[in-house]
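Here is a short briefing on one protein model. Keep the sequence and the 3D view open while you read.

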Amino acid sequence: MVVAALGILVVRKAVHAALLLAVVMISLAVLYASLEAPFLFAVQIIVYTGAILMLFLFVLMLVGVDASDSLTETIKGHRVAALVVGALFGLTVGLAVGQVGYGTAVGLETANAAGNVPALADLLFSDWVLAFETTSALLITAAVGAMVLAHRERLEPRAGQRELAARRVQEYAESGRHLGPLPAPGVYARHNAVDTPALLPDGSPSELSLNRTLVGRHDDKTPPKDVKAIEKMVESHGEAGR
């Protein structure tokens, strides 16, 4: 679990980070099971790993990450400061954890005499019912607030097919943007992967079919002699080239 948690900090792709986070959550569920907490074990697997984390993973896979990694230091010295602060924070956490002492757990057999789930339910809906219901109301309020803040009112009527066609023609006249849809990766190529560019009739790769994130990271399968030409085209044409 510790190795997977550290791996989240060093991997470059968000999908790999999500998979490593799944390893951390499953390992945490195993710890719950070893501490005789079957309810927390089931909740950790079903709710966190099976629902929330998989939702994140599906969103990453469907939407993708359409942003290039910025290697430019916008604030002078922020990397060094981040390293120093991170090292101090890690040292503080290490010292705090090293001074914690754990005694032998007592009272588990008595608390779980009628079963772990009934005993937990008895505590939640008796001694801690106020805190439990307050937390539920807080989560519902947060969810409603997020929907209200994310909701957008349409200020103008939805553009129809005629308006969209006229807009594409206007963009072509102003910036030279292609009228039709962009070629999909792998069209007229020997593979249909996203990192394989489409080929033009003369056999050269089509720069319009390449994701600018892959080009920026040099993760595409374009021949090296064509990468600089594509990057130059994207820089010269700006958003229209992308």
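The points below cover a nonpolar surface patch, two neighbouring helix positions and one loop residue.

This model is predicted. A nonpolar patch of about 940 Å² lies on its surface. Helix α3 gives the largest share of that patch, 9 residues.

**Nonpolar surface patch**
- The patch is made by Ile26, Val30, Phe41, Ile45, Ile46, Val47, Tyr48, Ile52, Leu55, Phe56 and Val59.
- Two elements, α2 (14–34) and α3 (38–63), each give two or more residues to this patch.

**Ile45 and Gln44 in helix α3**
- Ile45 sits in helix α3 and is one of the patch residues.
- Ile45 has a relative accessible area of 30%, so Ile45 is partly exposed.
- Gln44 is also placed in helix α3.
- Gln44 counts as buried because its relative accessibility is 7%, and the cut-off for buried is under 20%.
- Beyond its neighbours within four places in sequence, Gln44 is in contact with Met25, Leu28, Ala29, Tyr32 and Thr49.

**Pro197 in a loop**
- Pro197 belongs to the loop between α8 (161–175) and α9 (212–217).
- Is this loop residue, Pro197, buried or exposed? Pro197 counts as buried, because its relative accessibility is 4%.
- Pro197 and Leu208 are 11 residues apart in sequence. In space, the C-alpha atoms of Pro197 and Leu208 are 8.6 Å apart.

Technical notes
Residues numbered from 1 in each chain as written. Predicted model: local features only at pLDDT ≥ 70, side-chain atom pairs only at ≥ 80, totals over all residues. Heavy atoms only, no water. Patch = residues over 30% accessible without salt bridge, like charges linked within 9 Å, V, L, I, M, F, W, Y side chains within 5 Å. Areas by Shrake-Rupley, 256 points an atom, 1.4 Å probe, with all protein chains shown as cover. Salt bridge = Lys/Arg side-chain N within 4 Å of Asp/Glu carboxyl O. Helix = DSSP H or I, 4+ residues; strand = E, 2+ residues; numbered from the N terminus. Buried < 20%, exposed > 50% of the residue type's maximum accessible area, 1.4 Å probe, protein only. Contact = heavy atoms within 4.5 Å.
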